[in-house]
Amino acid sequence: MASFSPAPRRSSRLTANRPAGQSPTAAPGRRSRAGSSRATSRRVTPARALAQDRRPSIQDDISMASGMDVDERTPAPVERVKLDTVFAKSHELSIHFYANLPAEVKQVLKSADFFRDAYTGDIDTLTGFALVSTIQTCFVWQHAQALTGIPTCYIFSCPLDATQATAPFHALVPFGTVREPGLILVSPGGEVRFWDSIAMGLAGGEHYNATLLELDSGESVTTLTRSDAFTYVVSTSTGRLLRLTVTSSGGKYHLAFHVFSRPQSSLSLTRFLPSLWSTPTVETEGGYVSSVALGEGNTLSRDVWALVETRVQKWNMTTEGWEEIVMDEEIAEIIRPAIRAAFPAFSPGNDSDLDLELLDLAVEKSGALVVLVSYAGIEDDSAMDIEMHPRRIYAIVRLSNYSGIFKVDQVHGVPYQSTSSSGAPMHPRMKLISGGTLVGIQFGDAVTLTSRDTNYQDRLELKSATDRTLGVGITEAENEVLVMTAATMMKVTVDLDAVSEFDPENGGANIIKSIMTQAILYGSYPENPLHFSFPPDVDEDSLMSGAEQLSQAILESDADVVRPNVDLGAQMTGRKERLSFLIKFINENAVLSKVSQRSRQRLVMDAEKLYAAHQLWLRHNEFLSTGQSHSILNEAVYTYMNEVDEGHHEDFMRAFFRLKVADLGRLMSHVMNITRRSSYEMNRRLSDALPEANRVVLTVLRSAMDYRQYNLSVYGVELPLYKPWTSKPKMVDVVLELFEATTKMIESPTPEMNSDANLTEPKGHLCDLASVLFACMRERLDWLGCSVATAEPGTERERQELDDKFRQLRPEILDTLRRNGHAEHAFKLAEQYRDFRTLASLCHKGRVYPPEENPNSLRIQSYIERFKEEFTTELYRWYIEHGELRTMFAQEDSYGAYMNAFFEKYPNRDIAWIHDLGKGRFGLASQLLLSEAKSAPWLETKQLMFSIGKLAHLAQLHENEASIDEAVLDSFHDGLDFVSVHQALLLEFRAALTSSSRSKQSLDAQVETMAKAHASNLHDRRALLKVFKQLVRRLLQGRSLSIEDSADVLSLKDNKKGVADYATALHLLSRDDQLPEARKMGGFRSVWRRIYLHDDWNRIRQTAGVTDAELNEKLRATALYAALETTLSKRRQPKGYILQPHECLEIPTMSEIVSRWPGMAPDQMESLENDYAHERNLVSNLGLAEVYERVRELVEQDPVWGTR
């Protein structure tokens, strides 16, 4: 049995009164080993640093006197915990209550301050006794006796230490089963007390053998180790080893000691032979001995290993009383690179920052060395939680030794890190279990287990900050470990087969799941001394997988984590509490940052499904309490359970809520299918089914969404959710169908529903259905719009379709709410989803003008002040689309700034000029009016715009430094002239109608009458006649014709009463700068062809009996003369303005016809092309070249032309 203080220290770290955590200074005269690069530690193992700060502070209740008083007093009541009480249980181990501590020990430890005062202890499984010691008092009892009753407690006074900062080292001396063991206590200063029987402790333990070890100045004891029943090894801070030997003389046992030394000269053969063949003497070097371990042994000698700072020594200790050094080797140099290779993310690159410490040593049966080391983790200066930042990280290094050369075989992490917030400090110690296949390590607030051959790791962490570990013992069975704390004793049973079969792939996740499961099952037990937490640097994948597996197990009522309960409501409440505990456990362990968003969302979705299912079960219970047995929910569950081959359950409803809550979303489709069938199947009534279906779906979705919203921060969920079950396409369809069916039931009720009482519940459901539907669609759109979703094929198309659908449905659904008495809720939803277009529409369902008489006028004002341009933009759009410009501009004085912003951002040229006129911006208004008037489709609008635009242009004279632009003014004049052309044509065409026929004839009949009266010359050009009728129809409808159309009307009509309109057509075409050149030339040619075809040239050219003067008069009466008289006098004569007969023979191509008449049927286009060709042929056959020259001469000779 090894014995040790809670905090052995190197001599260099014994600086008096140094604050904890301060960098130590090297001891004077300390030698450095050749080749060693070890630097002074910046961060020492916590037990060492804190032990240096302990001051002499001994409480009265733990003094020697008080210890004796305790023995005489009536023991305090012992807290009884059942022997079969389970503190923790996993696949690999189980932890049970083992025994209570004696009342005397509990009394001492009850008020102990483990950070200030020194305590130590041990469980000696060889003798069956346990021990706890303070600086002054040592308590020993038979721990096995505590299983059946109150154990006898033996109390001893401890050898005093000069510093009184450390409890003594201890070892029990086994004398077999015939008598109680003895006790050895050694103070750090070297005083040794020996009791050959602990029975002396019943009388105060005043009779003992005392010995004082011969220590040098500044030298102190660091360990006490039992080699066998009569041999013990003491180590010191200067590197010396001493042998304590129990001897018998006169029937009494005594202690003798000597320093490890080589044999002196003797005739003994065992001493003579080694001197002949031994290797040269190994030179040793002083240093702090932190651990002593026992190696192989036989009847003659035994190997003793010592860990001296960064070196390891091997001694041969013989039964004849002498010792010999075998090796003294530096091992830190090979451990440092092994640590960096095993843990690259957590180990600093240079030796000074790594700050490696060798803490403890053990020897396997195979002879391999097991070294416990600690090192400084990489510090994160940006870390916010300084207390949780690891100060020391621990690892187990396995070394093999071949001919004195050490090699690192394995490096295993230890599931423990010490921080500034760690529990009671102590120097960690190892115990080998089952020959080293499992390594147990005792820390102040935890015991860890690490497998040598697999990746298995686990730990027992103490719950209370006032508790600490006091001893670990390995039983003979080697699969049972006894752990003593300040509160109790526990038995840990390890399944070594399960450890050896640990799955390297899924084992980590299973461990995490096991930790959380144990926390759920055993963490709430008040007598449980264990605290459940994740190991440091828990693997992210294991954490997420374990958490999700446990969440799923709870959802499915796994018997391992959910206790059976016939009361389903109570059972579901327990499951909800377990899921709440799960996320609380993750948060309390500060590992939520290691859980991905997708995993967090899975956890919250599991929890919200269970919450929604519980709410649904409560509603179903209310339904059953009314005496009814059949329901839509009942039938839906029955259908679903049979669909998934779970129909064998006698109580399928409870089976669903126990086992299939994960499929709660799928159940909603079955609810809708059954509701749909009830509308046409016999023995069913939709009036009964629909309200219940609404209740089921609304309960599930609203409960789930409410739970999620309330717990988003708890789970650390960032929206949008990843494929949320509450807004899958089928779920959206279910809610929409329920809304539509409920609307139909309310607005078109069947006879049995045609009463307010029957419609009360469906009307109430409308608001909830609308809210849930909007929430589902918005949720789905948010998911489809995130970067993760867009990477999936087909997502963008679904998003666009759903967005269009949502945009179309919102006004319909909100108006449905308004119609059915839920206007306020409609407004609320429109505000919530910022649907300002629908909001503007809802505000104008009553009287619109004047604005102050609108019942929603105050609401409109509040929306403008609240939402500003977001609302006014849609408000003004609504006014424009619904022709409510007067209402819009009536608010200009109050909200002119918003109107200015609207027209700047959305320049609606049709009406922006009104706003500009109102603001006195006449120049801008005239420009807009000129531009818009040209493209205005209605004649009256065109005339109004040209007229107002002209006035606005003239009104610029009132603006500062404004001048009249004559070109712009001419454009207004041309525009008004063009309007006059329309008016003249209308006046001419309407003259063909009698006053009675205007009111009686249809529009088509009027067009026919006008065509007969004014287009008689088109009888041989059917397609052009049809075009003429279409243009006349548009004129009668009040539409404005294009210049190209106007030229056709002017040139196609008969023009019997005058030929000036031909010149007008040419003039209009010449002023059109927007028409493509090819079509413009085509227009000129068409007009000139019709000019040449207007007169009967054969009659005119009959000159027999006609004087020259009479002939010239005939020529002056032609359309050709009139056209030339007008065109030749113009200074501006664009191309095509004057065309000779041969120049107008080219007709429009088919592409030009298509461009001119894009909607015309192909056969009609072909007919039109034929009519153009017919005109060309007629002109060509007339042979008017000489006539053209003569008419032009007449025009140029006539004095009227000459004066122009």
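I call a residue buried when its relative accessible area is under 20%, exposed when over 50%, and partly exposed in between, using a 1.4 Å probe and protein chains only. By that cut-off phenylalanine 502 is buried, at a relative accessible area of 10%. Tyrosine 456 is buried too, with 0% relative accessibility.

Ground rules for the rest of the notebook. I am working on a predicted model, where local features need pLDDT of at least 70 and side-chain atom pairs count only at pLDDT 80 or more, while totals for chains, interfaces and linings use all residues. Residues are numbered from 1 along each chain as its sequence is written, and side-chain values use heavy atoms, with hydrogens and water left out.

**Aromatic pairs**

I looked up ring pairs next. Rings of Phe, Tyr and Trp (its six-membered ring) pair if their centres lie within 6.5 Å; planes under 30 degrees apart are stacked, over 60 edge-to-face, and the rest tilted. Searching the whole structure gave me 33 aromatic pairs. In one of them, tyrosine 456 and phenylalanine 502 meet edge-to-face, 5.7 Å centre to centre with 70 degrees between the planes. Where do the two rings sit? Tyrosine 456 is in the loop between strand S26 (446–451) and strand S27 (457–462), and phenylalanine 502 is in the loop between helix H7 (496–500) and helix H8 (507–522), so the pair ties together parts 46 residues apart in sequence. For these labels, helices (H or I, at least four residues) and strands (E, at least two) are DSSP runs numbered from the N terminus.

I then checked tryptophan 1088 and tyrosine 1092: their ring centres are 5.8 Å apart and the planes are at 35 degrees, so I logged the pair as tilted. Both residues belong to helix H35 (residues 1077–1094) and are 4 residues apart, about one turn of the helix. Both are buried.

**Around H20**

Helix H20 covers residues 823–832, and I find His825, Ala826, Phe827, Leu829, Ala830 and Glu831 buried in it. Phe827 also joins Phe836, Tyr863, Phe867 and Phe871 in one aromatic cluster. Which residue lies over the face of phenylalanine 827? Arginine 859 does, at 3.7 Å from the ring centre. My cut-off for a charge over a ring is NZ of Lys or CZ of Arg within 6 Å of the ring centre and within 35 degrees of the ring normal. Arginine 598 lies over tyrosine 722 in this way, at 3.7 Å from the ring centre. After H20 comes arginine 834, with a positive phi near 50 degrees.

**Strand S13 and its partners**

I count two strands as paired if DSSP finds at least two bridges between them. In S13 (residues 231–236), 6 of the 6 residues are buried, so the strand is largely enclosed by the rest of the structure. Thr231, Val233 and Ser235 cover one side, and Tyr232, Val234 and Thr236 the other.

S13 pairs antiparallel with strand S12 (residues 221–228) over 6 bridges, and the two make a hairpin with 2 residues between them. S13 also runs antiparallel to strand S14 (residues 241–249), joined by 5 bridges. What stands opposite serine 235 in S12? I noted threonine 223 there, while leucine 241 is its bridge partner in S14. The S13–S14 hairpin has 4 residues between the strands, and glycine 239 takes a positive phi near 100 degrees.
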